[in-house]
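The following paragraphs lead through the packing of helices and aromatic side chains in a single model. Please keep the sequence and the structure in view while reading.

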Amino acid sequence: MARRVGYLKKHEAVIKSLLKSDDTTGPFETIADCIAFAAAYAATRGKEDGRMALPEGNSGKAEPIRFDIFESRGYETLVNLLSIYATQEPSILGSDEANSNSRVTIFEEYANKGFEMLKNTLHGEVDKTDGIMLMLKKYREGEEASSKPE
């Protein structure tokens, strides 16, 4: 069975606002791009605080996306890095099905937390691309400030 990446239906409005279209100013071409960005953004909150487990079963979940879509867009490395970051175990990169499923689950958890964060951060922003740019600028300035010696 092919691996699939899921997300919650309640995030569909955020995802739609992040996608480029005639009616939106979103920066992303595909849902996979949105999911990858959300997962990376959530990781800035830490190994545990940046994750949100999905409910068991299909309750509240949107139609999952085949993992090969993420692979074709170059996101497998991100999935692997987030998995190592979350577990602190390089063995998570093992090729067996259990490790493979664990990596996808970790990625989903980061992405779903990221969508919650994006919903709050971008609330009220008309131009989502500008909102994300401002958000990244603030993050970068915070990082630079914290790395300066006193």
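Axes are lines fitted to C-alpha atoms, for helices over the stretch in contact, and angles run from 0 to 180 degrees between N-to-C directions. The model to which this is applied here is a predicted one. Two packed helices are described by the angle between their axes and the distance between the axes. For H4 and H5, the axes are 9 Å apart and the packing angle is about 90°. H4 is therefore roughly perpendicular to H5, since angles of 65 to 115 degrees fall into that class. On the H4 side, the contact is made by Leu-78, Val-79, Asn-80, Leu-82, Ser-83, Tyr-85, Ala-86 and Thr-87, and on the H5 side by Arg-103, Ile-106, Phe-107 and Tyr-110. By character, the residues of this contact of H4 with H5 comprise eight nonpolar, three polar and one charged.

Between helix H4 (76-87) and H5 runs a loop, and Gln-88 is placed in it. Although Gln-88 is not a glycine, its phi is positive, at about 60°. The relative accessible area of Gln-88 is 48%, so the residue counts as partly exposed.

A second packing partner of H5 is helix H2 (residues 31-43): the axes of H2 and H5 come within 6 Å and cross at roughly 85°. H2 and H5 are therefore also roughly perpendicular to each other. H2 contributes Cys-34, Ile-35, Ala-36, Phe-37, Ala-38, Ala-39, Tyr-41, Ala-42 and Ala-43 to the contact, while H5 contributes Phe-107, Tyr-110, Ala-111, Lys-113, Gly-114, Phe-115, Met-117, Leu-118 and Thr-121. The residues of the contact of H2 with H5 are 15 nonpolar, two polar and one charged.

One residue of this contact, Met-117, merits a closer look. Met-117 belongs to helix H5 (residues 97-121). With a relative accessible area of 7%, Met-117 is buried, because buried means under 20%. Leaving aside residues up to four places away in sequence, Met-117 touches Tyr-41, Ala-42, Thr-44 and Arg-45. Met-117 and Val-14 are 103 residues apart in sequence, yet their C-alpha atoms are 10 Å apart in space.

Tyr-110, which takes part in the contacts of H5 with both H4 and H2, also has a charged side chain over its ring. Arg-51 lies over the face of Tyr-110, at 5.8 Å from the ring centre.

The aromatic residues form a further theme, with five aromatic pairs in the structure. One of them joins Phe-28 and Phe-37, whose rings are 5.2 Å apart centre to centre, with 40° between the planes, a tilted arrangement. Both Phe-28 and Phe-37 are buried. Together with Tyr-41, Phe-28 and Phe-37 form one aromatic cluster. Phe-37 and Tyr-41 are also among the H2 residues in contact with H5.

Another pair consists of Phe-67 and Phe-70, with ring centres 6.2 Å apart and planes at 25°; the pair is therefore stacked, because planes under 30 degrees apart count as such. Phe-67 and Phe-70 are three residues apart in helix H3 (residues 67-72), so about one helical turn separates them. Phe-67 has a relative accessible area of 2% and is thus buried. Phe-70, at 0% relative accessibility, counts as buried too.

Definitions and conventions: Residues are numbered from 1 along each chain as its sequence is written. This is a predicted model: local features need pLDDT of at least 70, side-chain atom pairs count only at pLDDT 80 or more; totals for chains, interfaces and linings use all residues. Side-chain values use heavy atoms; hydrogens and water are left out. Helices (H or I, at least four residues) and strands (E, at least two) are DSSP runs, numbered from the N terminus. Buried means under 20% relative accessible area, exposed over 50%, partly exposed in between (1.4 Å probe, protein chains only). Contact means heavy atoms within 4.5 Å. Angles under 35 degrees count as roughly parallel, over 145 as roughly antiparallel, 65 to 115 as roughly perpendicular and the rest as oblique. Ala, Val, Leu, Ile, Met, Phe, Trp, Tyr, Cys and Pro count as nonpolar, Asp, Glu, Lys and Arg as charged, and the others, Gly among them, as polar. Rings of Phe, Tyr and Trp (its six-membered ring) pair if their centres lie within 6.5 Å; planes under 30 degrees apart count as stacked, over 60 as edge-to-face and the rest as tilted. A charge sits over a ring if NZ of Lys or CZ of Arg is within 6 Å of the ring centre and within 35 degrees of the ring normal.
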